[in-house]
Amino acid sequence: MSKFKSALLASAVSLSAGGVLSANVAQAEPLNVYTYDSFVSEWGPGPKLEAAFEAQCNCDVNFIAVDDGVSILNRLRVEGKKNKADIIMGLDDALMEETRATGLIAEHKVKLPELRAELNWQDKQFVPFDMGYFAFVYDADKIAEPVTSLRELINSDASVIYQDPRTSTPGQGLMMWVESVYGDESEAAWKQLSQHTVTVTKGWWEAYSMFLEGGADYVLSYTTSPAYHAVVEEKNNYKAAAFSEGHVAQVEVAAVLNTSKQPELAQQFLQFMVSPEAQEILPVTNWMLPVAKNTELPEVFGRLANVERIGFTSEEVAKQRKSWIREWRSAAAK
């Protein structure tokens, strides 16, 4: 997700392309990391993480950005063993099984710190580095009585912007949310929602930018999104609506590819991503929650919506994702 300033002000950049390398690392093979575009934007976490890791590794981190976590998986499928990445970073837990099925993921061998209890993390190939809960964000200056459930939102006439589940991990998250709440009635729910959907965007930043320009009453984002406005803009009018049915979580993950030419350095990078230094960078740049317990956070994080987790396992999503997308396309796509 990276998100905010990148959505408004900056386009994605390849950090190494414009970087000035020191003489002693200029000859080294770069550590190539496939990730998503807003992660490496000027205001995303990429620049700070890159600088912090390079200061300790005597190496060159080269981020290669695509649109979204879904795009990372699609690129990996197309390239197969001819991929240029040592690491993939920014897919989410819902895509883990489909990514694992490529046969390109190595065991991470990372010593994980004590993680948030809700993660219950056991996976030996993917390393979690941040997480969040999907939520519909609204402007409290315009909406005095926000909806309190997904059913109330879908049954309302409030204008909504969300993302395409075929191309966006937040869009995929909403798909899981609808399936979790509605089950066999999800097709009817999509049709109802389509009656007051302003647009479905390819990715997160297009949707959030349109919302901030006044394009809709609600936009699909995260419970942590208001923290950005509070910390960076000193605005407290943007809120995340807490829903009584619970919220689907997104855990962003990274993995080393078994085609990497420098697997030890790649594992070092993943170990760094769960270190206290990286975990404290992520919440105030990517505006997600850290995965490591006891990470220091700005005060505003204590005032964010406290929600219950619902949803599906990665294995369940892998089995149902294609049929869920077909259902969404037939019922809701415009």
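## Strand S4 and a disulfide

Strand S4 is joined to strand S8 (residues 238–240) by 3 bridges, and the two run antiparallel. If you want to find that spot in the model, which is a predicted one, look for Tyr 138, which sits opposite Lys 239 of S8.

S8 is a handy place to start, but let's follow S4 to its other partners. Strand S7 (residues 218–222) pairs with S4 in the antiparallel sense, this time over 4 bridges. Here Phe 136 has Leu 220 in S7 as its bridge partner.

Next up is strand S9 (residues 247–256), which is antiparallel to S4 and linked to it by 6 bridges. One pair to look at is Gly 132, standing opposite Gln 250 in S9. Then there's strand S10 (residues 289–290), again antiparallel to S4, with 2 bridges between them. In that pairing, Met 131 faces Leu 289 of S10.

So how many of the residues of S4 are buried? The strand covers residues 127–139, and 13 of the 13 are buried, so S4 is largely enclosed by the rest of the structure.

Now hop over to the cysteines. The model has 1 disulfide, formed by Cys 57 and Cys 59, with their sulfur atoms 1.9 Å apart. That falls inside the 2.5 Å cut-off for calling a disulfide. Is this disulfide left-handed or right-handed? The torsion about the S-S bond of Cys 57 and Cys 59 is about -80°, so the disulfide is left-handed.

Both ends can be checked for burial, too. Cys 57 has a relative accessible area of 15%, so it is buried. Cys 59 comes out at 6%, so Cys 59 is buried as well. The cut-off for buried is under 20% relative accessible area.

Conventions: Residues are numbered from 1 along each chain as its sequence is written. This is a predicted model: local features need pLDDT of at least 70, side-chain atom pairs count only at pLDDT 80 or more; totals for chains, interfaces and linings use all residues. Side-chain values use heavy atoms; hydrogens and water are left out. Buried means under 20% relative accessible area, exposed over 50%, partly exposed in between (1.4 Å probe, protein chains only). Two strands pair if DSSP finds at least two bridges between them.
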